[in-house]
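Work through these exercises with the sequence and the model side by side. Try each task before reading its solution.

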Amino acid sequence: MHKLLRRIGIIILLLFWFVPIDTSANNLKVEDGQSIQRAIDQAKAGDTLLILPAVYKESIVINKRINLKGEKGAIIDGGGIGNVIEINASNVTVQGLTIQNSGSAQEDSGILIKKADGNRIENNTLKDVHNGIYIANSKDNQVLKNSITSYQSHFSKRGNGIHMFKGSGHLLNGNKITAVQDGIYYDFTADVKAIENHVHESRYGMHFMFSKNISAERNRIDKNVTGLMVMDSADILLQENSVTDHFHVRGFGILLYETENVVVKGNEILRNSTGLSLENGVNLFINKNLIAANQLGIEFVGKNNKNLFAENNFIGNVVQSRISGEDWRLDDGFRGNYWDDYSSFDLTGDGIGEEAYKAGSLYDRILRKQPYWQFFFESPSVKLWTKAGSLFPSFGSAEVYDARPLIEPAEIHYSAVEQNRVNWLSRVIGIVSMAISLFVMVKGRKYR
Amino acid sequence: MRHIAKQQITLLMRSHWLTGFGLLFSSLAVMVTFLGNTGGSGFDGFNRMTASLLNINLLLIPLLSLLIGSLFLSGEKEDRGLLLLLTYPVSPWSVIIGKYIGLFVAVWSVLTFGYGAALLVIFFSGAGVSVSLLFLFYLYSLMLAAIFLSLSLVIGIFAKSRFQALGISLIIWAFLVLFYEFLIMGLSLLLWKQWLLPMLTVSIFLNPIELIRVQSILSLDGATVFGPRLYDLTIWADGVTGKTLFIFAFLLWMLLPVIFSVYRLKRGVADEE
């Protein structure tokens, strides 16, 4: 924010500096039947073009610093060839436009930003485009509050919502991306912040490849094949995202593959085939996540080095964890995680169970052989069976365990207001229902 | 009919059976909600606490309903009270339905008390179990009770003595709650893969306990609990057809035994004289 203010300050200063020369920084209007491109060609740097509602069938190249402002109903239709808008200049803004029908080649996009810095793309609607916004070799661009969808097709034939190739310093905030290939693709890029975006019904929510220093916060990623796919990247912060409903047989909530220095904190990972999968990671810090209702809560593959894994809540995952590597601790030495199938007690009152939590029950192993038996998940007879199984300690073959399991779920964040209201309601209903039943009981004792 | 129902309620309330079961159920419900709450975690779908609560329902309510209904009815038969009642000018319909209503009100009061106690404990322990979830379970518990009370009438009519009624109730209970699932699991090992899904689907409707169990899991969180292999089944069962079939099956399970015991009573009266 500070940086931004300074930048704006500099721009204003520059404006003042140029005032005598730049008196002609005009507001121009483009109407139905006119060409936006011609208006751009005639405009001077610094001009604002107001696009009135109409369908403009043309592709546009912006090669000077102008502001393109669409009124509601202003549509630019690329006619299915190439890019709809190509930006080659810096400090351009594109606002309030509907941008549709790009070509379908690899890099064809609704908006292509190429070797241009400090542009702002805000409040646009992009639809039927191959890629939504493609930013190549550029710096410090801002993509805010746009809504992006690709065309009706299998995701392998679509492009990405926001694709960043090389370059750095971009900010993506509040975008809504639906039905593309990968929602946000970080391709050899660095220093990007993605905040409060919503990606759904695509292949991957976010796809990190060979990227560095990316932070993704408070994004909502749901109903894709895989939520967050992080590969061969480093210095990644994933915080307070909600990653839900990835049911695909090979779908993951968050997959970290050969990645270094990752912080995964405060995320909600619900209802995925596999919640969190870690493969050959180095220096991972996984803390205070809610991992619930997944088919498989957490999976470790290969060798994961120097990791801290603590204070996560594992609730109602059918299989809480599957571990096929070595060198992994499920606790940080002081505090472990909360596992809702843990059944021992805290005798010393420090909030930590006295017995270690062992991953993998008898049922987990049965399930691997008989996947259909999941139909009986936690049913009375299966419960009886696993309880009987757990009485024979020789069956418990798991070597990986949480030595400091938490007795109560770690506090992550929840709204206190709602909690209060529900509790009030529960007291009232509880008292009323008890009173009624007592009345019936007492009254019923006397016949007439 | 009203008098028969009232008399039934009075008899039940005065007996120690119901009080005992009521206390057991309430204390278990309270313990499960108190010990197993995952309130602070911010997740309120199907988890192991709700599973435990569900299992208490699935284990205790059928047992309670079967025992109370069948023991009272067979006891009355043994003591000739039922015969006396039938010498009055009342139809077997009003006898059976009156008794059914009486039984249901008694069990309802126990369940309401138990759930009320659990809710209060939630309030005082400051846990965040959602009220709508408990309400859902309450509803399903009542459905379970309705089904098994109606089954218990059949047992009570058939059994010659209290002990026979006790035995039959326990066997039926154990079969439905425990052995049925093992049987289905065993069958699933023998059958072809493509037959598994239809078989599981049918198995839901043949056992009222499965019916309630599956339906309550579905209404809590839906798709994930049964896993990717059963995704088709889940979608089908959670859809309109599945819901309609569920209600239809519930009504059948509740009404058929009642009708059957009325039919039986009409003939049974003739037999015993």
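## Exercise 1: Chain A as a whole

Chain A has 448 residues, and 52% of them count as buried. The model is predicted.

**Task.** Describe the secondary structure, contacts and surface of chain A.

**Solution.**
- Step 1. Start with the secondary structure. Chain A has five helices and 40 strands.
- Step 2. Turn to contacts in chain A with a separation of 6 or more. Of these, 43% join residues 24 or more positions apart.
- Step 3. Take the surface. The accessible surface of chain A is about 20900 Å². Carbon and sulfur atoms hold 54% of that surface.

## Exercise 2: Nonpolar cores

**Task.** Which residues touch the most other members of the largest nonpolar core?

**Solution.**
- Step 1. Find the core. The largest nonpolar core has 100 residues.
- Step 2. Pick out its best-connected members. A:Phe375, B:Phe46, B:Phe148 and B:Phe226 touch the most other members.
- Step 3. Look for the main contributor. Helix 6 of chain B, residues 131-158, gives the largest share of this core, with 18 residues.
- Step 4. Move to the second core. This separate core has 72 residues, including A:Leu68, A:Ala89, A:Ile184 and A:Phe208.

## Exercise 3: Two polar residues in strands

**Task.** Is A:His200 buried or exposed? Decide likewise for A:Asp245.

**Solution.**
- Step 1. Place A:His200. It lies in strand 21 of chain A, residues 198-200.
- Step 2. Apply the cut-off. Buried means under 20% relative accessible area. A:His200 has 14% relative accessibility, so A:His200 counts as buried.
- Step 3. List the contacts beyond four places in sequence. A:His200 touches A:Lys176, A:Ile177, A:Thr178, A:Ala179, A:Asp222 and A:Asn224. With A:Thr178 there is a side-chain polar contact of 3.3 Å.
- Step 4. Place A:Asp245. This residue is in strand 27 of chain A, residues 242-246. Its relative accessible area is 14%, so A:Asp245 is buried.
- Step 5. Leave out neighbours within four places in sequence. A:Asp245 then contacts A:Asp222, A:Lys223, A:Asn224, A:Leu270, A:Arg271 and A:Asn272.

## Exercise 4: Three loop residues

**Task.** Locate A:Ser153, A:Lys145 and A:Arg218, and give the exposure of each.

**Solution.**
- Step 1. A:Ser153 sits in the loop between strand 15 (147-149) and strand 16 (162-165) of chain A. Its relative accessibility is 28%, so A:Ser153 counts as partly exposed.
- Step 2. Check a distance. A:Ser153 and A:Ala179 are 26 residues apart along the chain, and their C-alpha atoms are separated by 8.8 Å.
- Step 3. A:Lys145 belongs to the loop between strand 14 (142-144) and strand 15 of chain A. With a relative accessible area of 51%, A:Lys145 is exposed. Its phi is near 55°, a positive value in a residue other than glycine.
- Step 4. A:Arg218 is in the loop between strand 23 (212-217) and strand 24 (220-222) of chain A. At 39% relative accessible area, A:Arg218 is partly exposed. Phi of A:Arg218 is near 50°, positive in a residue other than glycine.

## Exercise 5: A helix pair in chain B

**Task.** How are helix 8 and helix 9 of chain B oriented to each other?

**Solution.**
- Step 1. Take the axes. Those of helix 8 (residues 193-206) and helix 9 (residues 208-220) of chain B come within 5 Å and cross at roughly 110°.
- Step 2. Classify the angle. Angles of 65 to 115 degrees count as roughly perpendicular. Helix 8 and helix 9 of chain B are therefore roughly perpendicular to each other.
- Step 3. Name the residues in contact. Helix 8 of chain B supplies B:Ser203, B:Ile204, B:Phe205 and B:Leu206. Helix 9 of chain B supplies B:Pro208, B:Glu210, B:Leu211 and B:Val214.

Notes. Residues are numbered from 1 along each chain as its sequence is written. Chains are lettered from A and ligands numbered from 1 in the order in which they are written. This is a predicted model: local features need pLDDT of at least 70, side-chain atom pairs count only at pLDDT 80 or more; totals for chains, interfaces and linings use all residues. Side-chain values use heavy atoms; hydrogens and water are left out. A nonpolar core is a set of buried Ala, Val, Leu, Ile, Met, Phe, Trp, Tyr and Cys residues joined through side-chain atoms within 4.5 Å. Buried means under 20% relative accessible area, exposed over 50%, partly exposed in between (1.4 Å probe, protein chains only). Helices (H or I, at least four residues) and strands (E, at least two) are DSSP runs, numbered from the N terminus. A polar contact is a pair of N or O atoms within 3.5 Å; within protein, one must be able to donate a hydrogen and the other to accept it, and residues adjacent in sequence count only if both atoms are side-chain atoms. Contact means heavy atoms within 4.5 Å. Accessible areas come from the Shrake-Rupley method with a 1.4 Å probe; for residues, only the protein chains shown count as cover. Axes are lines fitted to C-alpha atoms, for helices over the stretch in contact, and angles run from 0 to 180 degrees between N-to-C directions. Angles under 35 degrees count as roughly parallel, over 145 as roughly antiparallel, 65 to 115 as roughly perpendicular and the rest as oblique.
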